[in-house]
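Please look over the sequence and the model shown here before reading on. The paragraphs that follow lead through a few parts of the fold, one after another.

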Amino acid sequence: MAVVLFSWGEKIEGGAAEALTLAADLAAGRGLELRWAVTAELEREAAALAALHGVRHVDVIDVSPQGVDARVAVLAGYCRAQMPELVLFNQTVEGRVVAARVAGRLGLPVLANVVALAGAEGGLKAEVSAYGGDTRAEYLLTAPRNVLSVVTTALAARKAATACEVEISRVAVDAGAATPGFELVSAPQVPEQRLEDAEIIVSGGRGLGKRENFELVKQMADALGGMWGGSRAIVDDGWIDSSHQVGLTGKITRPGLYIAVGISGASQHMAGCSAAKTIVAINKDPDAAIFRYARYGVVGDCVELLPELIRAARA
Ligand SMILES: Cc1cc2nc3c(=O)[nH]c(=O)nc-3n(C[C@H](O)[C@H](O)[C@H](O)COP(=O)(O)OP(=O)(O)OC[C@H]3O[C@@H](n4cnc5c(N)ncnc54)[C@H](O)[C@@H]3O)c2cc1C
């Protein structure tokens, strides 16, 4: 019996390393083998990443299925042949759909939005994010086999101390003929670099006053060679897209430098950046909560200060 994580497509999707870390911990805890099953075009990339993260078995499925329906058929075919105890999906837009349909084909229970997993008496304990991330629910999975879709933004990836040998197995899958049922016509743009991996982040909040002033945050991030993010308040106000939100219900980041501009420092925001090595805060309120977390703080008007800082950073 094994734990299997699936990846497919032209390149390995962001979050795969975090999902592998979760899968490796679970497999080790339950004395199961961890297998990473990837489609043919990902073989090289997967072998390199698997070695870094201590994953010893990569199954290369000998086909490159195109489209959701073909992928469901292929991954279900793999599961019928290999009978893994636990089937994990990195919860991308497509991963969530594929997970549910693979589970349906196999007649197995499926759980989405999983943020934590652990062995428990009588089965597996899964924590899932619910109501758009506002709360969490806990499930005890008592079935012998399960399909889970994992949200990786809340997880940390862990590299092995030394790279391991990776055994590559080629697996032929008879998927049968897939009848297309639907196709994905639009999905959010995923930036090349993920906020979760950024070394420098400049984040803006409502203290910037108006949407146009957010340009200053982007310019500051650019001048420092970093990425930009923001608080939920300005996502809700429509200044920036939710894919840039930092916090409990956004991205969990761990940069070397996090510059918080006009951000109050609410606990839900700090859940996404308090692991930064150095936090710098600019806030006009000397009692703002953000100063409790900041190593360096500037009490002042961010709209006045940012142009000066951008000039200095560019110099
Ligand atoms: C279930 C739940 C989940 C949540 N998840 C998240 C999340 O993932 N991420 C997140 O960010 N929030 C989240 N929130 C919201 C969070 O509680 C805060 O409301 C939000 O972070 C506040 O954003 P803000 O700091 O930009 O705005 P505000 O709270 O309005 O703070 C603005 C700050 O700017 C300062 N300021 C004002 N003018 C200036 C100026 N000219 N110069 C400098 N400083 C100035 C003010 O002193 C203030 O400290 C969540 C809330 C709930 C209930």
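Against which strands do the buried residues of α2 pack? They pack against β2 (33–39) and β3 (57–61), where helices (H or I, at least four residues) and strands (E, at least two) are DSSP runs numbered from the N terminus. This is a predicted model, in which local features need pLDDT of at least 70 and side-chain atom pairs count only at pLDDT 80 or more, while totals for chains, interfaces and linings use all residues. Residues are numbered from 1 along each chain as its sequence is written, and side-chain values use heavy atoms, with hydrogens and water left out.

In helix α2 itself, which spans residues 43–52, A46, A50 and A51 are buried, a word that stands for under 20% relative accessible area, with exposed meaning over 50% and partly exposed in between (1.4 Å probe, protein chains only). These residues lie on the same side of α2 because they cover an arc of only 130° around the axis, the arc being that of the directions from the helix axis to the C-beta atoms. Just after α2, G54 takes a positive phi of about 70°.

Helix α1 (residues 16–30) is mostly covered, with 11 of its 15 residues buried, among them L20, L22 and L26. From its first C-alpha to its last, α1 reaches 21 Å, close to the 21 Å expected at 1.5 Å a residue, where the expected span is 1.5 Å times one less than the number of residues. Just after α1, G31 takes a positive phi of about 65°.

L22 of α1 appears again among the residues that V150 touches, which also include L88, F89 and V114, not counting residues up to four places away in sequence; contact here means heavy atoms within 4.5 Å. V150 is found in strand β8 (residues 146–150), and V150 counts as buried because its relative accessibility is 2%.

Further along the chain, five strands form an open sheet with parallel pairing, in the order β11-β10-β12-β13-β14, and two strands pair if DSSP finds at least two bridges between them. The edge strands, each pairing on one side only, are β11 (227–230) and β14 (296–299). Strand β13 (residues 278–283) is joined to β14 by four bridges, and N283 stands opposite V299 in β14. Helix α5 (residues 214–224) packs on the sheet, touching β10, β11 and β12, and its direction makes about 170° with that of β10; such angles run from 0 to 180 degrees between N-to-C directions, with axes as lines fitted to C-alpha atoms, for helices over the stretch in contact. Helix α8 (residues 302–314) lies across β12, β13 and β14, running at about 130° to β13.
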